[in-house]
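Visitor: I would like a close look at the aromatic rings of this protein and at the strands that accompany them. Please take me through that part slowly, with the geometry where you have it.

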Amino acid sequence: MAANYCIYCGSSELSVPGSLKSASDNRRLFHCQTCRTVFTDLEMRFDEYRAAAAPQRGTDGNGEKAALQKAWKFMRQMRWNTALEQLGQHVYPLEHKLEFMIFRDVCQINSWLMNCSIIGGGASYGHSLLDMLDSNMQNIEDWLPADDEKARLQILQNVYNAVMHLGSTVLSYRTDIQIIIRKRAAVICVLAAFLQEQQSSSYNREYLGMAADLLSNALGRQQTGVFYVSTGNEQSQPFSLPLSRIKQISEMRAVNAEQIRKLNPNSGTNNQAARLLPAKFTGSPNFPVYFLLLLFLTLCAGCGIMMCIDGPLITDASLSFLFNYLFIPICFIALVGPVLFLTRHTLFFYYDRYYKKRSLYNRLYNR
């Protein structure tokens, strides 16, 4: 079956991406030369079927918004095919093109990852779906309104939700799992980078927050770039992103955190920058207790001396008692406390910088 128009812009200038020319007919992807969008043969068949029947359209896109909300509900329930069918009820011309595009891409990828794809598909097809989403992400600016910041924010929030869901999908073991992890992280980083670049927007703070969440999502739950994939029998095996990709994401997080810090210089510890940047060198939680104890003992000693200075209690024995049981402990706390504090923080610093890094390296490369 040959497609004769782009389901997003209506152009008839379509081609098959070069990497997919050997794919079977029922799994082809189409590349629009006009809007540069890539879409699947399955989407095209949905569009042609609905166009020939009774396509659902709503005034000012209200019908499309309802369809997107229903699809998002199914996506959260991991009913990818049901969500895809819901999204296929609306056809060209679409008002919410970008949201339909990304939602459809994510549904098709996740249905393939969960082995429940409508048309099946092997490893090469799944990789092509990830490449398709990556390609569509590169052109995201083309589908956004330039003069309506509120509408722009709403669209990007919907796209962000879908991509976050893609990054949170639990993966099962495949022989190509390393490629899947790498390509999925690349897609997430494309959107994160785009959101970080929205410097001139009045919603810059919201965009930076979404970018921070995406970058954390790209590194996995433990924020190390290591993903534990189930291999059956309740066992899991670690697979890591390439070290170059981990370094790139870490650098993006540092830039993101600095941008957030500039926007919120006096914010508390619960903001994104505080979660992403290394903690500042601060005192031990017990340090205030030590200080108050030292002050209390000093005051007691001073009061005792003042009360007895004119009386018969100032004897050699009393002075010896004060020296042995007050002055020496105070000096000990004042001198040894900071030494113990610095030693503790130095040991933890080198533990974080060296031991954990080597432990991760050994776990990944000396298995």
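Guide: In this predicted model, a convenient place to begin is the side chain of R174, which lies over the face of W112, at 4.3 Å from the ring centre. From that contact between a charge and a ring we can turn to rings that pair with one another, for which the count comes to 5 aromatic pairs. One of them is formed by Y5 and Y92, whose ring centres are 6.3 Å apart and whose planes meet at 50°, a tilted arrangement. This pair links distant parts of the chain, since Y5 belongs to the segment before β1 while Y92 sits in the loop between α3 (80–87) and α4 (97–113), 87 residues apart. Y5 is buried, because its relative accessible area of 19% falls under the 20% limit used for that class. Its partner Y92, in contrast, is partly exposed, with a relative accessible area of 31%.

A further tilted pair is made by W72 and F103, with 6.3 Å between the ring centres and 45° between the planes. Here W72 lies in helix α2 (residues 62–76) and F103 in helix α4, so the pair ties together parts that are 31 residues apart in sequence. As for accessibility, F103 is buried, with a relative accessible area of 3%, whereas W72 counts as partly exposed at 21%.

Ring pairs also link Y8, F30 and F39 into a cluster, and the residue numbers lead us to the strands. F30 falls within strand β2 (residues 29–32), and F39 within strand β3 (residues 38–40). Strands β2 and β3 run antiparallel and are joined by 3 bridges, with H31 standing opposite V38 in β3. The two strands form a hairpin with 5 residues between them, and in that turn R36 has a positive phi of about 65°. Strand β2 also pairs with strand β1 (residues 14–15), again in the antiparallel sense, over 2 bridges; in this pairing, the bridge partner of L14 is C32 in β2.

Taken together, the part you asked about can be followed along β2, which pairs with β1 and is joined by bridges to β3, while the cluster of Y8, F30 and F39 is held by ring pairs. Elsewhere along the chain, the Y5 and Y92 pair links distant parts, and the W72 and F103 pair ties helix α2 to helix α4.

Definitions and conventions
Residues numbered from 1 in each chain as written. Predicted model: local features only at pLDDT ≥ 70, side-chain atom pairs only at ≥ 80, totals over all residues. Heavy atoms only, no water. Pairing = 2+ DSSP bridges. Helix = DSSP H or I, 4+ residues; strand = E, 2+ residues; numbered from the N terminus. Phe/Tyr/Trp six-rings, centres within 6.5 Å; stacked < 30°, edge-to-face > 60°. Buried < 20%, exposed > 50% of the residue type's maximum accessible area, 1.4 Å probe, protein only. Lys NZ or Arg CZ within 6 Å of the ring centre and 35° of its normal.
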